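Biologist: Hi! I'm new to this one, could you walk me through what I'm looking at?
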Amino acid sequence: RRRARAKAEQRRRMTRLEAAWRQKRRARAFIAWKGAWEAAKDWEMQKRQASAHYQQTMARALLREWRKVCEVIAWSQMREAQKMRSNAHRALVEWRELAFRATDLERRRRLIVGQRYAG
């Protein structure tokens, strides 16, 4: 009887121990699962943030490139305007020279005609 009681107590102890082990194992498994879940959530968030950051960076780069293109176009247009201005200036100078030459010739002609008639 004593031996039976001792065995029963041992069995009880073992079942309690097994229950405690099971509980511990479950707790550990749950903690590991929770950590993995949070890591996955964190990874999703990081992925989202990274994609947003990438999109912003790409938008900035595109904007920079577009600004460069616009700057080049503006430079070429400025050069064209400068050419037109210089051409107009040259034409104006030429016209003035022609006008001066015409008036000068007219003056000389008058002088010569006046001398002739005076003579």
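Modeller: Happy to! Let's begin at one residue: Arg 3 counts as exposed, because its relative accessibility is 72%. Keep in mind that this is a predicted model.

Biologist: Where does Arg 3 sit, and which surface patch does Arg 3 help form?

Modeller: Arg 3 is in helix 1, which covers residues 2-118. Together with Lys 7, Arg 11, Arg 12 and Arg 16, Arg 3 forms a positive surface patch.

Biologist: How many helices and strands are there in the chain?

Modeller: The chain has one helix and zero strands.

Biologist: What are the dimensions of the box that the C-alpha atoms fill?

Modeller: Along the principal axes, the box is roughly 175 × 10 × 10 Å. The radius of gyration tells a similar story: the chain has 51 Å, while a compact globule of 119 residues would have a value near 14 Å.

Biologist: Can you give me a feel for that with a pair of residues?

Modeller: Sure, take Ala 61 and Arg 116. They are 55 residues apart along the chain, and 81 Å separates their C-alpha atoms. Ala 61 lies in helix 1, and Ala 61 counts as partly exposed because its relative accessible area is 25%.

Biologist: What share of the residues count as buried?

Modeller: Just 1% of the 119 residues in the chain. The chain exposes about 12200 Å², and 59% of that is supplied by carbon and sulfur atoms.

Biologist: Which residues form a nonpolar patch on the surface?

Modeller: That patch is made by Phe 30, Ile 31, Trp 33 and Trp 37, and together they have about 510 Å² of accessible area. Trp 33, one of them, is placed in helix 1.

Biologist: Back to charges. How many positive and negative ones does the chain have?

Modeller: There are 33 positive and 12 negative charges, and their mean positions lie 20 Å apart.

Biologist: And how many salt bridges does the structure hold?

Modeller: Nine. As background, side chains of opposite charge can pair when their charged atoms come close.

Biologist: Show me one, please. What does Glu 9 pair with?

Modeller: Glu 9 meets Arg 13 in a salt bridge, with 4.0 Å from N to O. Both residues lie in helix 1, four residues apart, which is about one turn of the helix. Glu 9 is partly exposed, since its relative accessible area is 37%.

Biologist: Let's jump further along the chain. What does Arg 110 form a salt bridge with?

Modeller: With Glu 106, and their closest N and O atoms are 3.5 Å apart. Arg 110 and Glu 106 are also four residues apart in helix 1, about one turn.

Biologist: Are those two exposed or partly exposed?

Modeller: One of each! Arg 110 counts as exposed because its relative accessibility is 57%, whereas Glu 106 is partly exposed at 29%. In another spot, salt bridges with shared partners join Asp 104, Arg 107 and Arg 108 into one network.

Biologist: How far apart are the closest N and O atoms of Arg 108 and Asp 104?

Modeller: They are 3.6 Å apart in that salt bridge. Arg 108 and Asp 104 are separated by about one helical turn, because they are four residues apart in helix 1.

Biologist: Is Asp 104 buried or exposed?

Modeller: Asp 104 is buried, because its relative accessible area is 15% and the cut-off for buried is under 20%. Its partner Arg 108 is partly exposed, with a relative accessible area of 48%.

Biologist: Let me play that back. The chain has one helix and zero strands, 1% of its residues count as buried, and the structure holds nine salt bridges.

Modeller: That's a good summary. You could add the two surface patches we talked about: the positive one that includes Arg 3, and the nonpolar one that includes Trp 33.

Conventions:
Residues are numbered from 1 along each chain as its sequence is written. This is a predicted model: local features need pLDDT of at least 70, side-chain atom pairs count only at pLDDT 80 or more; totals for chains, interfaces and linings use all residues. Side-chain values use heavy atoms; hydrogens and water are left out. Patches are made of residues with over 30% relative accessible area and no salt bridge: like charges are joined within 9 Å, nonpolar side chains (Val, Leu, Ile, Met, Phe, Trp, Tyr) within 5 Å. Accessible areas come from the Shrake-Rupley method with a 1.4 Å probe; for residues, only the protein chains shown count as cover. A salt bridge is a side-chain nitrogen of Lys or Arg within 4 Å of a carboxyl oxygen of Asp or Glu. Lys and Arg count as positive and Asp and Glu as negative; His and the chain ends are not counted. The place of a charge is taken as NZ of Lys, CZ of Arg, CG of Asp or CD of Glu. Helices (H or I, at least four residues) and strands (E, at least two) are DSSP runs, numbered from the N terminus. Buried means under 20% relative accessible area, exposed over 50%, partly exposed in between (1.4 Å probe, protein chains only). The radius of gyration is taken over C-alpha atoms; the globule rule is 2.2 Å times the number of residues to the power 0.38.
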